[in-house]
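Here is a friendly walk through one chain, written for someone who likes to think about folds, helices and empty space. Have a look at the model first, and then we can go through it together.

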Amino acid sequence: MDQRDQTSHPIRPQIENSPLFALYRLYEAIVLDRNIDMRNEIEWFWRQRDWPVKDIPDPKDSDPERYAVLACIPSLINQAYNRLIGLGLPREAPALITNDQLEEMKQRPKVFEESPEWVTDVPPLVSTLKIPQRAHGYTGPWETLDDFDDVRASTAFKEKNILIWEPHIYFV
């Protein structure tokens, strides 16, 4: 309990709000295996309609492992968002909509999210980075996957030679 405050965040309006800070908050949630925090951050980013995923600036992080993880996150965001967009729900949709509004939105052209160009410039890690996750939520033992053939391994992270469970990114 004494260490709990080391990773807790102040109330959101008091912290820096930009795509880059959101990227680092997502990094922290992924590395610390805080699935609820991660999904909440992805959903919060969704509501920032003037933040296209492709415009997330290059963090140019000096730590190669952290930089590789950061480069995988836009792909996760795109998976979550493009699923909703494909169902007809644009990012500018209000939080609460009627069935008639949804039907009207489904008729609009779909504008899918894309990853920023810089993510392709981040090289895969030379040695596989294995990020442990809780086997059964917040209370289970920490578990590290053995290899990329494990069905639980994330394909988005595999591109950068990072072995981690597929994150739970869907918030709707």
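## The fold at a glance

How many helices and strands does the chain have? In this predicted model, the chain has five helices and four strands. Read from the N terminus on, the elements follow the order α-α-α-α-β-β-β-α-β.

The chain has 172 residues, and 41% of them count as buried. If we take the contacts between residues at least 6 apart in sequence, 67% of these join residues at least 24 apart.

## How far to trust the coordinates

The mean pLDDT of the chain is 89, with 89% of the residues at 70 or more. Residues 1–5 have a pLDDT below 50, and beyond near neighbours in sequence this stretch makes zero contacts in the model. Where pLDDT is low, the predicted coordinates should not be read in detail.

## Helix α1

Let us begin with α1, which covers residues 19–31. This helix has 13 residues, and its first and last C-alpha atoms lie 18 Å apart, close to the 18 Å expected at 1.5 Å a residue. After α1 comes D33, with a positive phi near 60°.

Which residues of α1 are buried? They are P19, A22, L23, R25, L26, Y27, A29 and I30. An α-helix has 3.6 residues a turn, so residues three or four places apart point the same way. The cover over the buried residues of α1 includes α2, α3 (64–86), β2 (133–134) and α5 (155–158).

## Helix α2 and W46

Next comes α2, which spans residues 35–46. Its 12 residues should span 16 Å at 1.5 Å a residue, and the end C-alpha atoms are 17 Å apart, which agrees. The buried residues of α2 are M38, E41, I42, W44, F45 and W46, and they pack against α1 and α3.

Is W46 buried or exposed? This residue of helix α2 has a relative accessible area of 1%, so W46 counts as buried. Leaving out residues up to four places away in sequence, W46 touches Y81, L84, I85, L89, P90, R91 and F171. One of these partners, R91, is 45 residues from W46 along the chain, yet the C-alpha atoms of the two are separated by 6.3 Å.

## The largest pocket

Now for the empty space. Rolling a probe the size of a water molecule over the atoms shows where empty space is left. The largest pocket has a volume of about 300 Å³. It is lined by 17 residues, and the closest to its centre are I85, E92, V111, F112 and E113. I85 also appears among the residues that W46 touches.

What is the make-up of this lining by class? The residues that line the largest pocket divide into eight nonpolar, one polar and eight charged.

## A cavity beside α1 and α2

How many cavities of 30 Å³ or more are there? The count comes to one, and the volume of the largest cavity is about 40 Å³. Its lining is made up of A29, I30, D33, R34, N35, M38, Q133, I164 and P167. The elements that give two or more residues to this lining are α1 and α2.

By class, the lining of the largest cavity has five nonpolar, two polar and two charged residues. Some of these names are familiar by now: A29 and I30 are among the buried residues of α1, and M38 is one of the buried residues of α2. D33, which follows α1 and has a positive phi, is likewise part of the cavity lining.

How values were computed. Residues numbered from 1 in each chain as written. Predicted model: local features only at pLDDT ≥ 70, side-chain atom pairs only at ≥ 80, totals over all residues. Heavy atoms only, no water. 1 Å grid on protein atoms, 1.4 Å probe; cavity = no way out; pocket = protein on both sides within 12 Å on 5 of 7 lines; lining within 4 Å. Points joined across faces, edges and corners; volume = space filled by probe spheres on them. Nonpolar A, V, L, I, M, F, W, Y, C, P; charged D, E, K, R; others polar. pLDDT = per-residue confidence, 0-100. Contact = heavy atoms within 4.5 Å. Expected span 1.5 Å × (residues − 1). Buried < 20%, exposed > 50% of the residue type's maximum accessible area, 1.4 Å probe, protein only.
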